[in-house]
Amino acid sequence: MKTVLFHNHGSAEVLQYTDFPTPEPGEGQVLVKLESAALNRVDLWTRNGWPGIKLEYPHIPGSDGAGTVAGLGAYVSGWSIGDRVVINSNLSCGHCPACIAGQDNRCREWHLLGETVRGTYAEYITIPAANIYRIPEGFEPRQAAAAALVFHTAWHSLITRAGLKPGESVLVVGASGGVNIASIQIAKLAGATVYVVGSGPEKLRLAESVGADYLIDRSMEENWSKTVYNLTSKRGVDVVVDNVGTTFPSSFRAAGKGGRILTVGNSGGPKFEIDNRFIFSKHLSILGSSMGTRADFATVMDLVFAGKLKVILDRDYPLADAGSAQERLEKGEQLGKITLSIG
Ligand SMILES: [Zn+2]
């Protein structure tokens, strides 16, 4: 099969479009012929590497993918060759206490497809049958692939972890980025009022197009936490979605008493200072989460398929041009999800 892989860490130049043996589905696995893969920041982190990362080379990146079932391993039932499916990239053991409790993203043996396990930048992939979900008739595989990781992550954070309720207010720090765009939509669908801080009119227009109620341009308003405070009649917001990290001091200021600060990442870097006084005096809760459960995946993908949540697509590249696609993501030039067409 054709695939994009790398043998060592580095810039996009380490990616090679080349042949690789087509995998065989093992027990409980299916073989999926991929039609589309979507890019995520984790693809860049894995390619660049970090201290302690251990990969089995060559490594194939890619967490998001969609296509058709092309082979069935032993003990797989309920699926047929040709079924159209999207991949849930959360790999879990299925039998540890967390998995039994339905918290499979807290599994002791949890892995993210494409991060520590060979991923979706390929014509074929083998994956546990529990990690595929049916795409309804008429829905494009490209849209399904582009929706999966970001909507799954945002749903788990806002709904499962934070228990967002109708009438609450949500501030999303950052107007671009797949998870933020997904978070704006999920918050609106849940009946919340949504404030978005972003840089530049183009990104804020995108946030507005998916339902944001209040837009704050941080390139014009440096003290944006004060702006949010004033917009909420000096109450502050109930929930802050902060996947930047270095913006935590401002997020604490923008949160109201009892506010929940949600984080699923750190696009601004992993270490920064915070002022503890805000946490106790404002009764703040900091809720971290990573990816989502199988139940979250089914729930959020059904909403995507029903058109209640909209997939924003950026450019599509042929698989062979994965390097150019990653460079676009690395430069932050995209507005929406970058995808790869396969086959
Ligand atoms: Zn488990």
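Here are four short exercises, with worked solutions, on the predicted model above.

**Exercise 1. The zinc site**

Task: Find which atoms coordinate the zinc ion, and work out what arrangement the four donor atoms make.

Solution:
- Step 1. Start at the metal: the zinc ion is held by the SG atoms of C93, C96, C99 and C107, at 2.3 Å.
- Step 2. Look along the chain, where the spacing of these donor residues reads C-x2-C-x2-C-x7-C.
- Step 3. Turn to the angles. Four donors count as tetrahedral if all angles lie between 85 and 135 degrees. Here the four donor atoms subtend 104 to 116° around the zinc ion, so the arrangement is tetrahedral. For reference, the ideal angle for four tetrahedral donors is 109.5 degrees.
- Step 4. Check accessibility, with buried meaning under 20% relative accessible area. C99 is at 12% and therefore counts as buried; C107, at 6%, is buried because of that value.

**Exercise 2. A helix pair**

Task: Describe how helix α3 and helix α9 pack, giving the angle and the distance between their axes.

Solution:
- Step 1. Two packed helices are described by the angle between their axes and the distance between the axes.
- Step 2. For α3 (residues 141–161) and α9 (residues 294–305), the angle is about 120° and the axes are 9 Å apart.
- Step 3. Classify the pair. Angles of 65 to 115 degrees count as roughly perpendicular and those over 145 as roughly antiparallel, so α3 and α9 are oblique to each other.
- Step 4. Add the handedness: α3 and α9 make a right-handed crossing.
- Step 5. List who meets whom. On the α3 side the contacts include A144, F151, H152 and W155, and on the α9 side they include F297, V300, M301 and V304.

**Exercise 3. A peptide bond to inspect**

Task: Decide whether the peptide bond from Y57 to P58 is cis or trans, and locate P58.

Solution:
- Step 1. Read omega, which is near -5° for the bond from Y57 to P58; this bond is cis.
- Step 2. Place P58 in the loop that runs between α1 (41–48) and β4 (64–72).

**Exercise 4. Two positive phi angles**

Task: Compare the settings of H283 and M291: is each one buried or exposed?

Solution:
- Step 1. Most residues other than glycine have a negative phi. H283 has a positive phi of about 55°, and M291 also has a positive phi of about 55°.
- Step 2. H283 sits in the loop between α8 (276–281) and β15 (285–288), while M291 belongs to the loop between β15 and α9.
- Step 3. With a relative accessible area of 56%, H283 is exposed, whereas M291, with 6%, is buried.

Notes: Residues are numbered from 1 along each chain as its sequence is written. This is a predicted model: local features need pLDDT of at least 70, side-chain atom pairs count only at pLDDT 80 or more; totals for chains, interfaces and linings use all residues. Side-chain values use heavy atoms; hydrogens and water are left out. Donors are N, O and S atoms within 2.8 Å of the metal (3.2 Å for Na, K and Ca); water is not among the atoms, so sites may look incomplete. Four donors count as tetrahedral if all angles lie between 85 and 135 degrees; four count as square planar and six as octahedral if opposite donors are over 155 degrees apart and all others between 65 and 115; anything else is irregular. Buried means under 20% relative accessible area, exposed over 50%, partly exposed in between (1.4 Å probe, protein chains only). Axes are lines fitted to C-alpha atoms, for helices over the stretch in contact, and angles run from 0 to 180 degrees between N-to-C directions. Helices (H or I, at least four residues) and strands (E, at least two) are DSSP runs, numbered from the N terminus. Angles under 35 degrees count as roughly parallel, over 145 as roughly antiparallel, 65 to 115 as roughly perpendicular and the rest as oblique. A crossing is left-handed if the near helix is turned anticlockwise from the far one by less than a right angle, and right-handed if clockwise. Contact means heavy atoms within 4.5 Å.
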